[in-house]
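This report introduces a protein model to a reader who has not met it before. Please examine the sequence and the structure shown below before reading on.

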Amino acid sequence: MTRQAKVRWAGDMTFIGESPSGHSVLMDSGSESGGLDHAIRPMEMLLLGAGGCASIDVVMILKKARQDIKDVWVELDGERAEEMPKYFTKIHMHFVVEGKNISEKHVERAIQLSMDKYCSASAQLAALANITTDFEIREVD
């Protein structure tokens, strides 16, 4: 499957990314790299992409398991290599699931399936980074 994306220079160190699905995102570098810090950095997008991909999986799996979820998010910590290229060496994903009578077993399985089978972004990053996960469940009405 081939998909075409485009990244276009917008001046200074700012770029506009255009996805194959027709969406755009603004990217910039920090001032240490000559940027104006107007937008997200590309490496931050990689981390967010993995979190978004895994979160989509977790929500879909929990819904199929008929879990009464009200909110789901993932907090991501990434460590990068000190030398160039400064790729991610470690990523930790902490999932928070809010809902009523949420099964710990279902949440654990949803995260495991995402990491082992479904999340392409995490699989790609796992080639160079050690990815770990944990979760908490918060009971809400």
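## A loop with a cis peptide bond

The loop between β4 (68-80) and β5 (88-100) contains P85. The model is a predicted one. In this model a cis peptide bond links M84 to P85, with an omega of about -10°.

M84 also belongs to the lining of the second largest pocket, as do R80 and K86.

## The second largest pocket

The second largest pocket holds about 250 Å³ of space. In addition to R80, M84 and K86, its lining is made up of S29, G30, E32, S33, R41, P42 and M43. Sorted by class, this lining comprises 4 charged, 3 polar and 3 nonpolar residues.

## The largest pocket

The volume of the largest pocket is about 640 Å³. Its lining consists of 20 residues, and those nearest the centre of the pocket are S19, M45, L46, G49 and A121. By class, 11 residues of this lining are nonpolar, 7 are polar and 2 are charged.

Several elements contribute to the lining of the largest pocket. At least two residues each come from β1 (6-9), β2 (14-18), β3 (24-28), α1 (42-64) and α3 (120-125). The greatest contribution is that of α1, which supplies 6 residues.

## The helix α1

Helix α1 is formed by 23 residues. From its first C-alpha to its last it reaches 33 Å, close to the 33 Å expected at 1.5 Å a residue.

Which residues of α1 are buried? They are L47, A50, G51, A54, S55, D57, V58, I61 and L62. These buried residues pack against two strands, β4 and β5, and against two helices, α2 and α3. Thus α1 has buried residues that pack against α3, and both α1 and α3 supply residues to the lining of the largest pocket.

## Residues with positive phi

Just after α1, R66 adopts a positive phi of about 60°. D12, a residue other than glycine, likewise has a positive phi, near 50°. D12 is located in the loop between β1 and β2, and these two strands each give at least two residues to the lining of the largest pocket.

N101 is a further residue other than glycine with a positive phi, and its value is near 50°. N101 is placed in the loop between β5 and α2 (104-118). Is N101 buried or exposed? N101 has a relative accessible area of 65%, and it therefore counts as exposed, for which the cut-off is over 50%.

Technical notes:
Residues numbered from 1 in each chain as written. Predicted model: local features only at pLDDT ≥ 70, side-chain atom pairs only at ≥ 80, totals over all residues. Heavy atoms only, no water. 1 Å grid on protein atoms, 1.4 Å probe; cavity = no way out; pocket = protein on both sides within 12 Å on 5 of 7 lines; lining within 4 Å. Points joined across faces, edges and corners; volume = space filled by probe spheres on them. Helix = DSSP H or I, 4+ residues; strand = E, 2+ residues; numbered from the N terminus. Nonpolar A, V, L, I, M, F, W, Y, C, P; charged D, E, K, R; others polar. Buried < 20%, exposed > 50% of the residue type's maximum accessible area, 1.4 Å probe, protein only. Expected span 1.5 Å × (residues − 1). Contact = heavy atoms within 4.5 Å.
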